[in-house]
Amino acid sequence: MALRLSTILPRVFVVAVIALLATATITFAAETRSGPLPAPPARSTAKPILLVPDVRGQAYVFAKSTLEDGGFAWRVTGSVQGYAANLVASQSPAPGSRVYDTGAPMITLGLTMNTRYPQGGSPENVSPFAGTVIQQVGVVAKAKVKVKEKPKAQPKGKPKPAAKPKPKPKPKPKPKRGRPPAFVGPGTRPEPLDEIPLTARARRLDRWLSLHRSMSGENVNYWLYQHAWIVTGAEFGWWHGAQALDRLIQVDQHVQGVWGIGSRSEGVARAALADVRRKSR
């Protein structure tokens, strides 16, 4: 019996030591894994900056499109309402102001009446989406101080001949626009190529009128909106403006036969057509 105990005891001792070492290893690994994780990199919270466009002098129908494309909302203040053909007289903030992108910063517009068009129907005095607060960027650029350079000491002896200027490379010809303007002059503006041509807009208006024969306020507003767009674009010298005005006059005559209105708008289109033809010569 004593012999058997002397044989078993060393084995029991070895097993106990191995179990103790395994327990310590597992505890150490658990403590190592449960340590603090590295913090994720901080994200930038700076808001993007928008530049307020200049829409003064534009027809209200174009000013709305310019502001919406720039990420802005708008509202009209003053006695003159937001009809498509009225002109933008003032805006706040001023053109060129730098503002933070708060979602849809609200631009305030003051309009003047365009007497060539009737002020009828329902005006659109606010953008169809909610505006957000204006937060102007308050960074003032410091003027750069020019450092006067000391004159270099001229080496003794004969002066070296001046190097001949290298010939300037000829500028590459700019690719021609897909819609060349009918004329260019004071007050003209480039045609937005992301919009359909004036001729296509006039054709669509003609087809639209054949499907909307009831004289509702919504239909009248749509016709006046498209009418003002075509006339103003043609006066800006946009591509095929005269052809678009010819088609628009036919639309106005159709309006007179269906709704009993439109003679004044036809006169506006005819006057614009005469002006466009004169400037296109």
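In the predicted model described here, strand E3 (residues 87-92) and strand E5 pair in the antiparallel sense over five bridges, where two strands are said to pair if DSSP finds at least two bridges between them. Helices (H or I, at least four residues) and strands (E, at least two) are DSSP runs, numbered from the N terminus. Residues are numbered from 1 along each chain as its sequence is written, and side-chain values use heavy atoms, with hydrogens and water left out. Because the model is predicted, local features need pLDDT of at least 70 and side-chain atom pairs count only at pLDDT 80 or more, whereas totals for chains, interfaces and linings use all residues.

Within the pairing of E3 with E5, Val-88 stands opposite Leu-111 of E5. Strand E5 (residues 106-112) also pairs with strand E2 (residues 73-77), in this case in the parallel sense and again over five bridges, and here Arg-75 stands opposite Thr-108 of E5. Five of the seven residues of E5 are buried, so that the strand is mostly covered; buried means under 20% relative accessible area, exposed means over 50%, and partly exposed lies in between (1.4 Å probe, protein chains only). The loop between E3 and strand E4 (98-100) contains Pro-93, and the peptide bond that leads from Ser-92 to Pro-93 is cis, with omega near 0°.

The protein chain as a whole has six helices and five strands, which follow the pattern α-β-α-β-β-β-β-α-α-α-α when read along the sequence. Of its 281 residues, 30% count as buried. Among the contacts (heavy atoms within 4.5 Å) with a separation of 6 or more, 76% are between residues 24 or more positions apart. The chain exposes about 19700 Å², of which carbon and sulfur atoms supply 60%; these areas come from the Shrake-Rupley method with a 1.4 Å probe, and for residues only the protein chains shown count as cover.

In soluble globular proteins, nonpolar side chains tend to be buried together. A nonpolar core is a set of buried Ala, Val, Leu, Ile, Met, Phe, Trp, Tyr and Cys residues joined through side-chain atoms within 4.5 Å. The largest such core has 35 residues, of which Phe-62, Trp-223, Val-231, Leu-245, Leu-248 and Trp-259 touch the most other members. At least two residues of this core come from each of helices H2 (60-69), H3 (198-211), H4 (217-235), H5 (241-259) and H6 (263-279). A second, separate core consists of 15 residues, including Leu-50, Tyr-60, Trp-74 and Leu-111. When residues up to four places away in sequence are not counted, Trp-223 touches Leu-205, Trp-208, Val-251, Asp-252, Val-255, Trp-259, Ile-261, Gly-262 and Ser-265.

The 19 residues of H5 should span 27 Å at 1.5 Å a residue, and the end C-alpha atoms, 26 Å apart, agree with this; the expected span is 1.5 Å times one less than the number of residues. The buried residues of H5, among them Gly-241, Leu-245, Leu-248, Asp-252 and Trp-259, fall within an arc of 165° when seen down the helix axis, so they line one face of the helix. This arc is that of the directions from the helix axis to the C-beta atoms. The buried residues of H5 pack against H3, H4 and H6. In H6, the buried residues, including Ser-265, Val-268, Ala-272 and Val-276, fall within an arc of 155° and therefore also line one face, whereas Ser-263 and Arg-278, on the other side of H6, are exposed. The buried residues of H6 pack against H4 and H5.

Most residues other than glycine have a negative phi, and most peptide bonds are trans. His-240, which is not a glycine, nevertheless has a positive phi of about 55°; this residue is found in the loop between H4 and H5 and is partly exposed, with a relative accessible area of 31%. A positive phi of about 85° is taken by Gly-237 just after H4, and one of about 80° by Gly-260 just after H5.

Asn-125, in the loop between E5 and H3, counts as partly exposed at 22% relative accessibility. The C-alpha atoms of Asn-125 and Trp-74 are separated by 8.2 Å, although the two residues are 51 residues apart along the chain. Not counting residues up to four places away in sequence, Asn-125 touches Tyr-60, Trp-74, Arg-75, Val-76, Gln-81 and Gly-82.
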